[in-house]
Amino acid sequence: MNAPNRLRLDGAALVENWRALARMSGAAACGAAVKADGYGLGAAEVVARLEQAGCRDFFVATWAEAAALARDDRSISVLHGLRAADLPVACQLPARPVLNTVAQVQRWRESGAGPCDIMVDTGMNRLGVSPDDIAAGLLDGLPVDTLMSHLASAEEQDARINHDQRTVLVAIAVRSGARRISLANSAGIALGSDYAFDLTRPGVALYGGVPCAGLAGVIRPVVTIEAEVLQRRPVPTGGRVGYNLTWTAERDSIVAVVNLGYADGYRRAFSGRGLAYVGDTAVPVVGRVSMDLTAVDVTGLDVGEGDWIAFDSDLPHASAASGVSQYELLTGLGRRFDRIWA
Ligand SMILES: *Cc1c(COP(=O)(O)O)cnc(C)c1O
């Protein structure tokens with residue numbers, strides 16, 4: 001079956017984005033965050049392409065995500081660590097838990113303790129053991145591959161907290177006994193070589209997100225939503241469109257009703273604000289985005305039933321138009337799309 005909507009995924013742009021981030025990471029290795037099914041694109045396809053390009057370190061959130069990707073010759077870190085319920089699968093899979101709490105460290109030790117990663121909290125107060133626990137010997141004798149921390153405000157280039165978090169990490173690095181240190185996500189890479197350490201962990205920028213000014217002009221779009229026109233409808237002046245009739249035609253208009261809605265991740269926030277393209281011509285979304293349908297004003301254009309319309313693939317632009325973060329726009333992409341890699 002072929003679906004009436006699809007994601008065009010630009011594999012060359014994905015790889016180019018990774019290469020650009022790897023260059024900016026200097027001597028540090030550049031990994032890839034592929035949690036949330038590769039930010040909605042499809043983790044297996046993303047990993048295959050990045051691995052081909054030379055990426056060696058992958059980050060997922062959960063063990064289910066790890067199980068889908070694990071291979072003996074692949075480094076996968078599971079960011080949410082090791083709940084008691086994760087032990088059976090964690091002991092089987094070739095993947096490392098990123099231990100976040102004292103209880104998780106204890107649990108991993110008791111399980112026989114292969115290589116693991118450690119998250120240390122340096123000021124975000126999200127996941128991670130405390131620097132004090134590490135200083136007191138929490139990790140002594142444990143085979144720690146990577147000690148990592150996560151920046152709270154990496155996209156704010158001049159935020160004092162970036163510097164402070166880095167300082168805390170540096171202070172505990174040697175005591176942790178870790179083989180590698182890692183701090184930077186996508187925006188963290190743009191903070192400069194002081195933040196790269198041994199390994200960087202970009203996510204959103206691989207997929208075309210531009211989280212900070214320092215990555216503008218560096219990152220190419222990867223994802224384009226396309227949807228098929230189900231009906232071409234003349235709407236005379238004064239006619240109104242969609243739920244609650246929020247759009248009124250100010251001239252005799254032609255509206256294309258396409259197979260795309262908020263259940264596909266095309267957010268309701270694009271109502272009256274989204275942008276689509278017929279060829280190179282930009283056309284506005286009109287009226288409310290419904291669950292499965294969206295209307296576009298195609299007056300004067302040669303587009304009809306069965307034609308395809310592309311939606312704005314510039315994530316910073318789409319995010320500004322909708323007020324929805326670039327991360328949410330990507331990770332919300334639904335299961336009904338055909339995902340077509342080029
Ligand atoms: C998601 C995540 C990343 C990637 O962050 P981006 O902002 O998408 O680059 C890196 N590290 C950790 C711990 C994460 O949870």
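## A tour of the ligand site, pockets and cavity

Start with the ligand: the space it takes is the largest pocket. Keep in mind as you go that you are looking at a predicted model.

**Stop 1: the ligand and its shell.** Select the ligand and show the residues around it. There are 14 of them, and Lys35, Tyr39, Ser186, Val204 and Tyr327 come nearest. Colour this shell by class and you will find seven nonpolar, four polar and three charged residues.

**Stop 2: polar contacts to the ligand.** Now zoom in on the oxygen atoms of the ligand. Which residue has a polar side-chain atom 2.5 Å from an oxygen atom of the ligand? Pick Tyr327 to see that pair. Next, click on Asn185, where a polar side-chain atom lies 3.1 Å from a ligand oxygen. For Val204, make sure the backbone is shown: a polar backbone atom of Val204 is 2.8 Å from an oxygen atom of the ligand. How much of the ligand does the protein bury? Taken alone, the ligand exposes 390 Å², and the protein buries 93% of that.

**Stop 3: the largest pocket.** Hide the ligand for a moment and look at the space it takes, the largest pocket. About 640 Å³ of space lies there. The lining of this pocket has 33 residues; select Lys35, Met124, Arg126, His150 and Asn185 to see those closest to the centre. Lys35 is also among the residues that come nearest to the ligand, and Asn185 is the residue with the 3.1 Å pair from the previous stop. To place the lining in the fold, highlight helix H2 (35-39), helix H9 (186-189) and helix H11 (326-331), the elements that give two or more residues to it. By class, the lining comprises 18 nonpolar, 10 polar and five charged residues.

**Stop 4: the second largest pocket.** Move on to a pocket with a volume of about 160 Å³. Select Arg233, Val241, Gly242, Tyr243, Val255, Val257, Arg288, Ser290, Leu293, Thr294 and Ala295, which line the second largest pocket. Which elements give two or more residues to this lining? They are strand E14 (253-258) and strand E17 (294-297). Six nonpolar, three polar and two charged residues make up the lining of this pocket.

**Stop 5: the cavity.** Finish with enclosed space. How many cavities of 30 Å³ or more does a search of the whole structure find? The search finds one, and the largest cavity has a volume of about 200 Å³. Of its 17 lining residues, Ile225, Asp312, Leu315, Leu329 and Leu333 are the closest to the centre, so select these to bring the cavity into view. Then show strand E11 (223-235), helix H10 (315-322) and H11, each giving two or more residues to the lining. E11 gives the most, with three residues. H11 may look familiar, as this helix also contributes to the lining of the largest pocket. Colour the cavity lining by class to see 13 nonpolar residues, three polar and one charged.

How values were computed: Residues numbered from 1 in each chain as written. Predicted model: local features only at pLDDT ≥ 70, side-chain atom pairs only at ≥ 80, totals over all residues. Heavy atoms only, no water. Near = heavy atom within 4 Å. Polar contact = N/O pair within 3.5 Å; in protein donor to acceptor, adjacent residues only side chain to side chain. Areas by Shrake-Rupley, 256 points an atom, 1.4 Å probe, with all protein chains shown as cover. 1 Å grid on protein atoms, 1.4 Å probe; cavity = no way out; pocket = protein on both sides within 12 Å on 5 of 7 lines; lining within 4 Å. Sits in = over half its atoms within 2 Å of the grid points. Nonpolar A, V, L, I, M, F, W, Y, C, P; charged D, E, K, R; others polar. Points joined across faces, edges and corners; volume = space filled by probe spheres on them. Helix = DSSP H or I, 4+ residues; strand = E, 2+ residues; numbered from the N terminus.
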